[in-house]
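Me: I should like to learn how features are read from a set of coordinates. Please give the general idea in each case before turning to the example.

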Amino acid sequence: MKKAVSVSALALLLLTGCTAAAEAKPEGSVPPSPAGPAAAPATSAAPQSPAQETEEQSCTTLMGDGGSGPLYKSIQLVRISDGTFSFQPSSPENTEKLHKTVLAAADTAPEDIGVLLTALSAGTENALQVAGGKGSQPVNFDPFGWSDAAGQLLTRCAPYEAASAGVPAAPDLGSPEAVGARFPGYPLVVDAASVDYRAGAWLEDKLADGRVVALAPGLYAPHDPNVTDLGAYYASSDGVSGDTAMKQTVFPGSGAAGAFAGITAGSQEP
């Protein structure tokens, strides 16, 4: 009988000891994890966004020196005339490089300029396809939307273009009479809205009254209402925009800033 009591007491002691240990376990404790090293959670590095530039930084790069920047080059690839358009790329390698430059500039430019550059890239993309660039794909091309984007970029960025030294007009074109003898009807004052969009956009920030002086067919200077002598506009090529060949004809040795190929006389000119 004593043996049975001893066993029951031992069983009771073991039972109460386990219960106490269970009650002593901290509330909310986490059971130990299985043996072996814990697997690190999978992480992926977030892609780094290109650093955003200021408007001045973007425009300075786009305009380049002496009319050599990617904005000028992109505009030169596209010819729009009389409701038709065509692409005039150089080599596939150069055209591809220019296209990538425009897309990279769109990534780092202020958002509104980036949107315009993306629209501009439709021209370089199609020019690359015409040039036979590898992997190029034709994209829908809206000449009106494209020229509007190009014009807005010129207007925004022309003020940041490095000024080139102005040169006087050629000796045989140094007066209105001499100009008129060679280009009948010139010089004259016309509305900026009547000239090629490229020259009009480049000059827009410089306009005082929305008008320009047509110095020769397709060549313009911003009109100053206080300057009534039109001969004064031939003193320097500084601030003049228009056709590349005509600019060199009237101002030999002048820089390429504000000069574009294929600009012809506007609707208000002779």
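Reply: A residue is called buried under 20% relative accessible area, exposed over 50%, and partly exposed in between. The model shown here is predicted.

Me: How does T118 fall on that scale: buried, partly exposed or exposed?

Reply: T118 has a relative accessible area of 48%, so T118 counts as partly exposed. This residue lies in helix α5. The C-alpha atom of T118 is 6.2 Å from that of A106, although 12 residues separate the two along the chain.

Me: How is the length of a helix judged, and what span does α4 have?

Reply: The expected span is 1.5 Å times one less than the number of residues. Helix α4 (residues 92-108) has 17 residues and should therefore span 24 Å; its end C-alpha atoms are 25 Å apart, which agrees. Helix α5 (residues 111-131), with 21 residues, reaches 30 Å from its first C-alpha to its last, close to the 30 Å expected.

Me: Where is the kink in α5 centred, and what follows the helix?

Reply: The kink, of about 25 degrees, is centred on L120. After α5 comes G132, with a positive phi near 85 degrees.

Me: Which elements do the buried residues of α4 pack against?

Reply: They pack against α2 (55-63), α3 (70-76) and α5. Among the buried residues of α4 are L98, V102 and A106.

Me: Which residues have the most contacts inside the largest nonpolar core?

Reply: They are L117, W202, L215 and V250, in a core of 60 residues. Leaving aside neighbours within four places in sequence, the contacts of L215 include V179, Y186, Y233 and F251.

Me: Is S237, in the loop between β5 (219-222) and β6 (241-243), buried or exposed?

Reply: The cut-off for buried is under 20% relative accessible area. S237 has 5% relative accessibility and therefore counts as buried. Not counting residues up to four places away in sequence, S237 touches A165, G166, V167, F251 and S254.

Me: How is empty space found, and how much of it lies in the largest pocket?

Reply: Rolling a probe the size of a water molecule over the atoms shows where empty space is left. The largest pocket holds about 320 Å³ of space. It is lined by 15 residues, of which I80, S81, D196, R198 and G262 are the closest to its centre.

Me: Which element gives the most to that lining?

Reply: β1 gives the most, with four residues. Both β1 (78-81) and α8 (197-203) supply at least two residues of the lining.

How values were computed. Residues are numbered from 1 along each chain as its sequence is written. This is a predicted model: local features need pLDDT of at least 70, side-chain atom pairs count only at pLDDT 80 or more; totals for chains, interfaces and linings use all residues. Side-chain values use heavy atoms; hydrogens and water are left out. The bend at a residue is the angle between axes fitted to the seven residues ending there and the seven starting there. A nonpolar core is a set of buried Ala, Val, Leu, Ile, Met, Phe, Trp, Tyr and Cys residues joined through side-chain atoms within 4.5 Å. Buried means under 20% relative accessible area, exposed over 50%, partly exposed in between (1.4 Å probe, protein chains only). Contact means heavy atoms within 4.5 Å. On a 1 Å grid over the protein atoms alone, a cavity is a set of points where a 1.4 Å probe fits but cannot get out, and a pocket is an open set with protein on both sides within 12 Å along at least five of seven lines; lining residues have an atom within 4 Å of a point. Grid points are joined across faces, edges and corners, and a volume is the space filled by probe spheres set on the points.
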